[in-house]
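Here's a quick briefing to read alongside the model. Have the sequence and the 3D view open as you go.

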Amino acid sequence: MRVSRLFSQTLREAPNDAEAISHVLLLRAGFMRQLASGIFSYLPLALRSLRKVENIIRAEMDAIGGQEITMPVIHPADLWRETGRYYDIDAEMSRFKDRGDRDMVLAMTHEEVVADLARKEIKSYRQLPQLIYQLQTKWRDDPRPRSGLIRVREFTMKDSYSLDATQEGLEVQYRAHYQAYFNIFNRCGIPTVAVAADSGIMGGKVSHEYMYLTGVGEDTIVRCAECGYSANAQVAQFRRSDAVAGAALPMEKVATPATKTIDDLAKLLDVEPRQTAKAVFFMGRYKKEEGVGDEERMIFAVIRGDLDVNETKVANAAGALGLRPAQDDEIKALGAVPGYAAPMGLKDVLVIADESIVAAPNLVAGANEEGFHQRNVNYGRDWQATTVADIASARAGDACSRCGTGVELTRGVEVGNIFQLGSRFTDALGARFLDETGRAQSIIMGSYGIGVGRLLACVVEHSHDDGGLVWPITVAPYHVHLVSLAKADGDARTAAEGLYAELTARGVEVLYDDRKENPGVKFNDADLIGCPVRITIGDRGLQNGIMELKVRSEAGKGAEVPVGEIVAQVEAKLAQLRAAIEATVVEVPYEV
RNA sequence: CGGGGUGUAGCGCAGUCCGGUUAGCGCACCUGCUUUGGGAGCAGGGGGUCCUCGGUUCGAAUCCGAGCACCCCGACCA
């Protein structure tokens with residue numbers, strides 16, 4: 001491709017509304033342009049890189065038996081009603097009517113369509129297992145797109161779906177994805193970790209998220225350096241510190257004016273925070289039926305005072321689709337006193353208690369009266385929870401649930417996820433097969449996603465410098481950026497045109513800067529666009545019989561290469577870069 | 001949805017507080033000449049619903065009201 005003919009232009013200055021480095025560089029280098037919040041056009045350079053990512057994904061999916069298909073972007077709402085997700089999912093799914101007044105939705109994922117295909121196509125155990133996948137547009141009306149391609153509303157996702165006769169079969173396909181995903185991310189040049197995750201709207205039990213660790217990430221990951229335990233903070237487990245032991249004492253009301261926080265309270269009564277009980281109120285959203293608004297229920301979460309409540313865990317324990325903090329007037333409406341709420345004597349409230357509460361005797365809890373607390377509150381004797389569960393958030397330094405070492409918290413971007421779905425969707429849609437004995441059985445499903453654009457953004461976050469992008473060879477839009485310093489016909493131009501033609505003929509992808517620009521402009525653009533290898537051809541070098549070959553990722557001046565050796569040296573360098581990436585593709589032990 | 005911020009040429013910005021010639025600067029773009037190995041120089045030139053609608057006023061980019069868009073933090077989410 002000739003730069004003079006390239007559709008996009010580079011920008012000297014970044015648009016003011018770009019903050020994340022991947023966003024800034026992809027805009028400046030002319031890879032993409034924003035149309036609306038979370039909606040982007042991908043220009044020729046970006047599309048080339050995206051296609052390469054997609055082809056890496058295809059190769060790995062095909063290698064584990066995947067068959068590529070394409071499913072519709074627009075689905076009839078009835079299909080989503082059958083699985084119930086039409087009601088479970090809120091405004092994130094966009095809905096509209098077609099001309100026949102039929103309810104339709106924009107696809108945010110494809111479990112429903114796959115289960116529908118399965119019920120129509122799969123009749124016999126002989127047809128199983130299957131693995132189908134697609135690379136296709138998703139629309140998720142995210143309330144808060146941000147950071148360029150890291151979180152968008154319209155995006156391309158690779159989603160694959162496994163269909164199996166048995167749970168064991170599902171696990172085989174799940175493990176195949178587990179490794180294939182590492183292969184994909186490594187080939188794209190980014191390190192990732194697989195972490196235990198919440199399954200969210202997918203349901204199911206086992207799932208992993210693949211995290212690229214970076215400060216710009218929005219997910220918090222709990223990791224143990226000692227034993228390797230890693231989990232999304234939403235579900236991360238840890239060992240709670242011991243409670244202060246003692247025989248149960250009689251309850252005793254004490255005046256505690258103006259103690260809205262646990263710290264104030266502990267100080268006033270001269271106890272440790274872990275000797276108190278903390279109450280947090282949420283409104284939980286429950287399944288919405290046709291034509292009816294959200295049904296909300298008050299949830300009262302109780303946890304030991306030294307711990308923090310984890311909303312995802314509370315929602316799961318309470319069976320709610322989502323939570324929001326309760327307002328003071330909602331709390332009062334139930335007869336509780338904000339700041340002094342007691343778990344005792346509440347009615348019509350779902351009480352979720354953390355495991356830490358049950359084992360801790362003689363806690364200080366609210367007295368349900370402004371300015372008063374109760375001492376010596378004991379679980380079981382004085383109050384009961386609807387559910388006792390793990391609803392605590394792990395913090396840095398908390399003891400690892402496996403080995404007891406202090407855990408670390410890091411931030412990450414989720415570039416992929418894998419779910420063992422089981423038969424939730426196939427049961428809902430009646431997707432069954434006949435087993436060897438002629439009995440109908442539910443098809444067992446798994447689903448597996450990778451955000452292609454987000455992955456590309458992570459590659460940029462991982463690989464750039466002050467000059468711009470530094471593409472791994474595997475996803476670079478072009479292999480070679482050929483800079484011709486010639487502004488008019490002459491030896492340099494002839495040599496550049498000749499090399500461009502020769503490399504292209506040999507299958508090397510070349511971006512050829514044939515513009516009549518000053519050298520500085522061309523070098524800066526080459527650095528910004530970030531192709532792995534740059535060749536510079538100028539009259540000065542040619543007079544000495546050399547061209548310059550520089551590797552983008554290596555500092556310093558490039559190498560002077562005799563004209564006659566340039567093609568061979570370029571090919572050798574490209575092979576070397578490929579080999580370096582390939583060396584990162586290794587077996588990763590499977591961890592649940 | 002809550003909090004904060006920003007909307008003036010393709011990009012970056014000034015002008016707005018305190019209303020008043022023809023709305024300005026840098027980069028980018030076009031023409032010519034010169035220059036030519038790390039964002040060149042000179043000269044000439046094109047490009048604007050000053051986010052939108054309404055109001056105040058002799059007069060609005062500027063003041064008032066409403067709305068919209070985009071960004072950041074949070075809620076939320078994959």
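How do the residues of the surface near RNA strand B divide into nonpolar, polar and charged? There are 13 nonpolar, eleven polar and 20 charged residues on that surface. Keep in mind that this is a predicted model. The notes below start with the RNA and then move to two helix contacts that share α12.

**Who sits around the RNA**

- RNA strand B has 44 residues around it, and the ones that come nearest are N16, R144, E414, N518 and D527.
- Looking from the RNA side, sugar and phosphate make up 49% of the strand B atoms that come within 4 Å of the protein.
- Five elements each put at least two residues into the surface near RNA strand B: β1 (32–36), β25 (408–422), α14 (519–529), β33 (533–537) and α15 (539–543).
- If you want one element to start with, try α14, which gives the most to this surface, with seven residues.

**Polar contacts to the RNA**

- N524 has a polar side-chain atom 3.1 Å from a base nitrogen of RNA strand B.
- G541 uses its backbone instead: a polar atom there is 3.4 Å from a base oxygen of RNA strand B.
- With N417, the partner is a sugar or linking oxygen of RNA strand B, 3.3 Å from an N or O atom in the side chain.

**α1 against α12**

- Helix α1 (residues 21–28) and helix α12 (residues 452–462) have axes that come within 8 Å and cross at roughly 100 degrees.
- That crossing angle is why α1 and α12 count as roughly perpendicular to each other.
- On the α1 side, the contact is made by I21, S22, L25 and L26, while α12 brings A457, V460 and E461.
- Sorted by class, the residues of this α1–α12 contact are five nonpolar, one polar and one charged.

**α2 against α12**

- Helix α2 (residues 44–63) also meets α12: their axes come within 10 Å and cross at roughly 110 degrees.
- So α2 is roughly perpendicular to α12.
- From α2 you'll find S49, L50, V53, E54 and I57 making the contact, and from α12 it's V452, G453, L455 and L456.
- The class split for this α2–α12 contact is six nonpolar, two polar and one charged.

Key. Residues are numbered from 1 along each chain as its sequence is written. Chains are lettered from A and ligands numbered from 1 in the order in which they are written. This is a predicted model: local features need pLDDT of at least 70, side-chain atom pairs count only at pLDDT 80 or more; totals for chains, interfaces and linings use all residues. Side-chain values use heavy atoms; hydrogens and water are left out. Axes are lines fitted to C-alpha atoms, for helices over the stretch in contact, and angles run from 0 to 180 degrees between N-to-C directions. Helices (H or I, at least four residues) and strands (E, at least two) are DSSP runs, numbered from the N terminus. Angles under 35 degrees count as roughly parallel, over 145 as roughly antiparallel, 65 to 115 as roughly perpendicular and the rest as oblique. Contact means heavy atoms within 4.5 Å. Ala, Val, Leu, Ile, Met, Phe, Trp, Tyr, Cys and Pro count as nonpolar, Asp, Glu, Lys and Arg as charged, and the others, Gly among them, as polar. A residue is near a molecule or strand if one of its heavy atoms lies within 4 Å of it. A polar contact is a pair of N or O atoms within 3.5 Å; within protein, one must be able to donate a hydrogen and the other to accept it, and residues adjacent in sequence count only if both atoms are side-chain atoms.
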